[in-house]
Amino acid sequence: MKRIFLDANVIFTAAHNPGGKAALLVELAERGHWMLITSQLACEEARRNIRIKYSDCLPRMELLLKEIQIIGHSYHTSCPLDLRAKDEPIFLAAVQGGATHLLTGGI
């Protein structure tokens with residue numbers, strides 16, 4: 001089964017725009033098309049940004065997160081790729097979670 005890792009901005013978008021493509025990813029996961037995973041770090045970032053920008057969407061985000069497996073922080077692994085320091089923990093969590101795909105809205 002495909003294991004899709006969602007970065008914070010994808011989770012944020014799914015919570016903020018329930019009719020959008022990011023929310024569709026969660027809906028299709030609920031139907032068994034794939035499994036969604038993310039990291040504690042991505043959850044914290046998404047929650048922080050929703051609270052600041054669209055606090056009324058926080059309950060929806062919490063419902064969405066119940067459909068997503070959350071991977072703990074990976075502190076003891078070095079990154080095999082040359083990534084920006086802020087991107088390394090996301091990539092390492094995706095690897096740790098056995099992700100087949102990593103989705104982000106970031107560059």
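This text walks through a predicted model, starting with its sheet and ending with its loops.

Four strands make up an open sheet, arranged in the order β3-β2-β1-β4, with parallel pairing. The edge positions belong to β3 and β4 (101-103); each has a single partner strand, so one side of each is left without a neighbour in the sheet. From one strand to the next the twist averages 30°. Strands of a sheet pair through backbone hydrogen bonds, in either a parallel or an antiparallel manner.

The pairings can be followed strand by strand. Three bridges connect β1 to β4, and three bridges connect β1 to β2. On the β4 side, F5 has L102 as its bridge partner, while I4 stands opposite H101. On the β2 side, F5 is bridged to I37 and I4 to L36. Between β2 and β3 there are four bridges, and these two strands run parallel. T38 has I70 as its bridge partner in β3.

In a regular strand, side chains alternate between the two faces of the sheet. The strand β1 is covered on both faces: R3 and F5 on one side are buried, as are I4 and L6 on the other. As for β2, four of its five residues are buried, so this strand is largely enclosed by the rest of the structure.

One residue of β2 to look at in detail is T38. T38 counts as buried because its relative accessibility is 0%, against a cut-off of under 20%. A polar atom of the T38 side chain lies 2.6 Å from the backbone oxygen of L6. Leaving aside residues up to four places away in sequence, T38 touches F5, L6, I11, C43, I68, Q69, I70 and I71. Among these contacts, F5 and L6 belong to β1 (3-6), and I68, Q69, I70 and I71 belong to β3 (68-71).

Next come the helices and the core. The helix α3 packs on the sheet, where it touches β1, β2 and β3, and its direction makes about 80° with that of β2. The largest nonpolar core contains 32 residues, and those with the most contacts inside it are L6, I11, W34, L36, I50 and M61. At least two residues of this core come from each of the strands β1 (3-6), β2 (35-39) and β3 (68-71). The helices α1 (8-16), α2 (21-30), α3 (40-53), α4 (58-65) and α5 (88-96) also each supply at least two.

L36 is one of the core residues with the most contacts inside it. With residues up to four places away in sequence not counted, L36 touches I4 and L6, then L25, V26 and A29, and also E67, I68 and Q69. Of these, I4 is also the residue bridged to L36 in the pairing of β1 with β2.

Another of the core residues named above, M61, leads to α4. Which residues of α4 are buried? They are L58, M61, L64 and L65. These residues cover an arc of only 115° around the axis, which puts them on the same side of α4. The face of α4 turned away from this buried side carries P59 and L63, both exposed. What covers the buried residues of α4 includes the helices α1, α2 and α3 and the strand β3.

Two loop residues complete the picture. Y54 sits in the loop between α3 and α4. Y54 counts as partly exposed because its relative accessibility is 32%, which falls between the cut-offs of 20% and 50%. Outside the residues up to four places away in sequence, Y54 touches F12, H16 and N49. Of these, H16 is 38 residues from Y54 in sequence, yet their C-alpha atoms are 7.2 Å apart in space.

T77 is placed in the loop between β3 and α5. With a relative accessible area of 44%, T77 is also partly exposed. T77 and E88 are 11 residues apart along the chain, and their C-alpha atoms are separated by 10.0 Å. E88 lies in α5 (88-96), the helix that follows this loop.

Conventions: Residues are numbered from 1 along each chain as its sequence is written. This is a predicted model: local features need pLDDT of at least 70, side-chain atom pairs count only at pLDDT 80 or more; totals for chains, interfaces and linings use all residues. Side-chain values use heavy atoms; hydrogens and water are left out. A nonpolar core is a set of buried Ala, Val, Leu, Ile, Met, Phe, Trp, Tyr and Cys residues joined through side-chain atoms within 4.5 Å. Buried means under 20% relative accessible area, exposed over 50%, partly exposed in between (1.4 Å probe, protein chains only). Contact means heavy atoms within 4.5 Å. The arc is that of the directions from the helix axis to the C-beta atoms. Two strands pair if DSSP finds at least two bridges between them. Axes are lines fitted to C-alpha atoms, for helices over the stretch in contact, and angles run from 0 to 180 degrees between N-to-C directions. A polar contact is a pair of N or O atoms within 3.5 Å; within protein, one must be able to donate a hydrogen and the other to accept it, and residues adjacent in sequence count only if both atoms are side-chain atoms.
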